[in-house]
Amino acid sequence: MNPTCSRCNRIVYPTEKVNCLDKYWHKGCFSCEVCKMTLSMKNYKGFEKRPYCNAHYPQTRFTIVADTPENLRLQKQSKLQSQVLYKEDFEKNKGKGFSQIADTPELQRMKKTQEQISNIKYHEEFEKKKMGGEAPPQQPSNPSQGIPLPAASSQNYHYEPAPEPVRQAAAAPPPSAGVGLPKRYRAVYDYTAADEDEVSFMDGDVIVEVQQIDEGWMYGRVERTGQQGMLPANYVEAI
């Protein structure tokens, strides 16, 4: 038995039958619900089992939900639950995201180098403050040899500051105190006077009229400046 057309409710014969949207149509009845334009199987769009053309196809629109007290309460409750879950996950994963670095020989060497550099900088600042803002230059342990020191690498850097003078309270020496001592000395380090009775000099200055006061201090005159006073014995050498 032949079915009826969904549009005109008349019998549809096989030669003019269109089977679409779970319904049967005449070819002429298969048209847009709005503009009545005849459609085919290639250009139709179905909505709620009714054919439409592309221009009149119903567009889906979103509805706005009012912020009722109930919706606000549900929104707040969802937010609180999200915060609780976040805190739980944070407590579970605390400390798991950090990887421990192995203490390799290379890392130990770099750590030791950093400690040496920090120690050198500390001594330099200490010498600058103690010597009145002027740090004594690094000198070889025996300057008379005249052998230059090789440049220190970052792995084996050794710092030897100038020896600290041991100051003892002593007055100007009598004329007989320097008997048997050479009269001329040469400075091997820079020295800045710390008291009024001391004399300042630079590396290479010649000290004349030297008289021994005790094991750590002498009395003499700087030939370059003409100033005289006390000076540390371990900062000069005999000529």
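In the predicted model, the hairpin of strand 1 and strand 2 has 2 residues between its strands, and Leu21 there adopts a positive phi near 55 degrees. The two strands, residues 17-20 and residues 23-26, run antiparallel and are joined by 4 bridges. Within this pairing, Cys20 is placed opposite Lys23 of strand 2. Strand 1 presents two distinct faces: Val18 and Cys20 lie on the covered face, whereas Lys17 and Asn19 lie on the uncovered one.

Positive phi values also occur on either side of this hairpin. In the segment that precedes strand 1, Asn9 has a positive phi of about 60 degrees although it is not a glycine. Asn9 is exposed, with a relative accessible area of 60%. Lys36, likewise not a glycine, has a positive phi of about 65 degrees; Lys36 is located in the loop that connects strand 2 with strand 3 (45-47).

The loop between strand 2 and strand 3 also contains Ser31. With a relative accessibility of 7%, Ser31 counts as buried. When residues up to four places away in sequence are set aside, Ser31 touches Arg7, Lys36, Met37, Thr38, Leu39 and Pro51. Lys36 is thus found both among the contacts of Ser31 and among the residues with a positive phi.

A further element of the model is an open sheet of 5 strands, arranged in the order 8-7-6-5-9 with antiparallel pairing. Strand 8 (228-232) and strand 9 (236-238) occupy the edges; each has a single partner strand, so one side of each is left without a neighbour in the sheet. On average, neighbouring strands of this sheet are turned by 45 degrees against each other, direction ignored. At one end of the order, strand 5 (residues 184-187) and strand 9 pair in the antiparallel sense over 3 bridges. Arg186 is positioned opposite Glu237 of strand 9.

The strands of the sheet also contribute to the nonpolar interior. The largest nonpolar core comprises 18 residues, and those with the most contacts inside it are Tyr185, Phe201, Ile207, Met218, Leu231, Tyr235 and Val236. At least two residues of this core are supplied by each of strand 5, strand 6 (206-212), strand 7 (217-222) and strand 8. Strand 7 provides the largest share, with 3 residues. Apart from this core lies another one, of 9 residues, among them Leu21, Phe30, Cys32 and Leu39. Leu21, a member of this other core, is the residue with a positive phi in the hairpin of strand 1 and strand 2, and Leu39 is also one of the residues touched by Ser31. In soluble globular proteins, nonpolar side chains tend to be buried together.

Confidence varies along the chain. The mean pLDDT is 78, and 74% of the residues reach 70 or more. Over residues 140-147 the pLDDT is below 50, and this stretch makes 5 contacts in the model beyond near neighbours in sequence. The pLDDT is also below 50 over residues 169-179, for which 13 contacts beyond near neighbours in sequence are present in the model. Where pLDDT is low, the predicted coordinates should not be read in detail.

Note on methods. Residues are numbered from 1 along each chain as its sequence is written. This is a predicted model: local features need pLDDT of at least 70, side-chain atom pairs count only at pLDDT 80 or more; totals for chains, interfaces and linings use all residues. Side-chain values use heavy atoms; hydrogens and water are left out. Two strands pair if DSSP finds at least two bridges between them. Axes are lines fitted to C-alpha atoms, for helices over the stretch in contact, and angles run from 0 to 180 degrees between N-to-C directions. Buried means under 20% relative accessible area, exposed over 50%, partly exposed in between (1.4 Å probe, protein chains only). Contact means heavy atoms within 4.5 Å. pLDDT is the predictor's confidence in each residue, from 0 to 100. A nonpolar core is a set of buried Ala, Val, Leu, Ile, Met, Phe, Trp, Tyr and Cys residues joined through side-chain atoms within 4.5 Å.
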